[in-house]
Amino acid sequence: MEYIRSDKRMSGTKRVLMEALPLLDVRVGYINKNIDSSINLIQAINRLKKEKNAVLLAHYYQEPEIQDIADYIGDSLGLARRAAETEADIIVFAGVHFMAETAKIINPNKIVLLPDLNAGCSLADSCPADEFADFKAKYPDHIVISYINCSAATKAQSDIICTSSNAEHIVSQIPLDQPIIFAPDRNLGGYLNRKMGRDMVLWDGVCIVHQVFSEQKLVRLKARYSGVPVLAHPECDAPILRHADFIGSTSQIRKFAVSDKHDTFIVATEEGILHQMQKDSPTKTFIPAPPESGCNCSQCPHMRLNTIEKLYLCMEYELPEITLDENIRLSALAPIEKMLEMSKEIA
Ligand code: 13P
Ligand code: SF4
């Protein structure tokens, strides 16, 4: 990987912190520097946001302390919409690489920062663009709907992008006789196939967090908390979804828990969402669905690479920055714009 500042930054009005370049350790993918322990990082980040006209966008799966200083917290659709609307000069993405890349695709002239470039996604990694091109070539009459959890190069080969908030709405707008490839999440694609009576061809990718919830442990938990609804993300495997009372994206799960009459819920998604759910409803109880492994935590190892320290350093030094090949960016932009257009009605 190469970390070279864009021409715009070299010639722009912003001060170019050349001294930061050696600090960006290409082997580790983030600014690797000791921070003076007297610095209050929350105050420093808030100051940098103002000074640099930067907006901090965070996904629900971030550490609570990052969520608490974000200008906007949301799901993938909300984050893409916010990135499309912002007037900030710098977008700081507390999320994973494909999310920051989406913001850059939409905003080629803005600086988009990701605190740790290693913050990837198992779904995006499962679908390398060259392998996807070979797969797609086998289905010449199919259109491609890709889940936003994929690389820019895979998006560039897609007709429409979707998120878990708008996938059903988007697929419902495609005529039944139009064959579809759905990539890269076989669980979300399979869920849509079952629910909508479609026969989409599925790429074989999974999310490493949602794939490992234990059906057996969930059944036991349901028996222990009789009548408690299970709220599940559609990235979960079919055996988990079968036990769900509500299936939706992170923001849809959050909204459901606020309006539903129950006071206890079992939640089958990355546990970072519980922070906002608990803030929304302080008197309600949220029980994380148990994964197969002995530990009862379901944290995304990619999302959790972002820390408050890396966030501060990335804002201070404006690195690591997301950069993109312009041809790929333009090809990836069209299906994202189509998604935004086709899902205007989705709140
Ligand atoms: P949403 O927040 O869009 O539901 O996506 C969940 C997820 O796994 C993001 O990586
Ligand atoms: Fe990817 Fe799953 Fe992590 Fe979301 S939770 S970023 S889908 S690995």
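**Close-up views of a predicted model**

**View 1. Strands S9 and S10 within an open sheet.** In this predicted model, strands S9 and S10 run parallel and are joined by 2 bridges. Within this pair, Ile181 stands opposite Val201 in S10. The two strands belong to an open sheet of 4 strands, which has the order S8-S7-S9-S10 and parallel pairing. Strand S8 (160-162) and strand S10 (201-202) each have a single partner strand and stand at the edges, so one side of each is left without a neighbour in the sheet. As background for this view and the next, strands of a sheet pair through backbone hydrogen bonds, in either a parallel or an antiparallel way.

**View 2. The open sheet S4-S3-S5-S6 and helix H15.** Another open sheet has 4 strands in the order S4-S3-S5-S6, and here too the pairing is parallel. Its edge strands, strand S4 (72-74) and strand S6 (111-113), each pair on one side only, and from one strand to the next the twist averages 20°. Strand S3 (residues 54-59) pairs with strand S5 (residues 90-94) in the parallel sense over 5 bridges, and in this pairing Ala54 stands opposite Ile90 in S5. Helix H15 (residues 308-317) lies across S3, S5 and S6, and runs at about 165° to S5.

**View 3. Backbone features in three loops.** Most residues other than glycine have a negative phi, and most peptide bonds are trans. Asn53, which sits in the loop between helix H2 (41-51) and S3, has a phi near 50°, a positive value in a residue other than glycine. Ala183 and Pro184 are joined by a cis peptide bond, with omega about -15°, and Pro184 is found in the loop between strand S9 (180-183) and helix H10 (186-196). A cis peptide bond also joins Leu319 and Pro320, with omega about -5°; the place of Pro320 is in the loop between H15 and helix H16 (326-342).

**View 4. Domain 2 beside domain 3.** The protein chain is divided into domain 1 (7-119 + 303-323), domain 2 (123-207 + 333-342) and domain 3 (210-288). The centres of domain 2 and domain 3, taken over C-alpha atoms, are separated by 26 Å. The contact between these two domains takes 10 residues from domain 2 and 13 residues from domain 3. On the side of domain 2 that touches domain 3, the residues divide into 4 nonpolar, 5 polar and 1 charged.

**View 5. The surroundings of ligand 1.** The residues around ligand 1 are Asp75, Ser76, Cys121, Asn149, Thr163, Ser164, Ser165, Cys207, His233, Glu235, Ser249 and Thr250. By class, the residues of this shell divide into 2 nonpolar, 8 polar and 2 charged. Both domain 2 (123-207 + 333-342) and domain 3 (210-288) give residues to the shell around ligand 1, so the ligand lies between them.

**View 6. The surroundings of ligand 2.** There are 14 residues around ligand 2, and those that come nearest are Cys121, Ser122, Cys207, Val209 and Cys300. The residues of the shell divide into 9 nonpolar, 3 polar and 2 charged. Domain 1 (7-119 + 303-323) and domain 2 (123-207 + 333-342) each supply at least three residues to the shell around ligand 2.

**View 7. Confidence along the chain and at its beginning.** The protein chain has a mean pLDDT of 93, and 93% of its residues reach 70 or more. Over residues 1-16, however, pLDDT stays under 50, and for this stretch the model has 14 contacts beyond four places in sequence. Where pLDDT is low, the predicted coordinates should not be read in detail.

Definitions and conventions:
Residues are numbered from 1 along each chain as its sequence is written. Chains are lettered from A and ligands numbered from 1 in the order in which they are written. This is a predicted model: local features need pLDDT of at least 70, side-chain atom pairs count only at pLDDT 80 or more; totals for chains, interfaces and linings use all residues. Two strands pair if DSSP finds at least two bridges between them. Axes are lines fitted to C-alpha atoms, for helices over the stretch in contact, and angles run from 0 to 180 degrees between N-to-C directions. Two residues are in contact if their C-beta atoms, placed from the backbone, lie within 7 Å. pLDDT is the predictor's confidence in each residue, from 0 to 100. A residue is near a molecule or strand if its C-beta atom, placed from the backbone, lies within 6 Å of it. Ala, Val, Leu, Ile, Met, Phe, Trp, Tyr, Cys and Pro count as nonpolar, Asp, Glu, Lys and Arg as charged, and the others, Gly among them, as polar. Domain bounds come from an automatic or database domain assignment.
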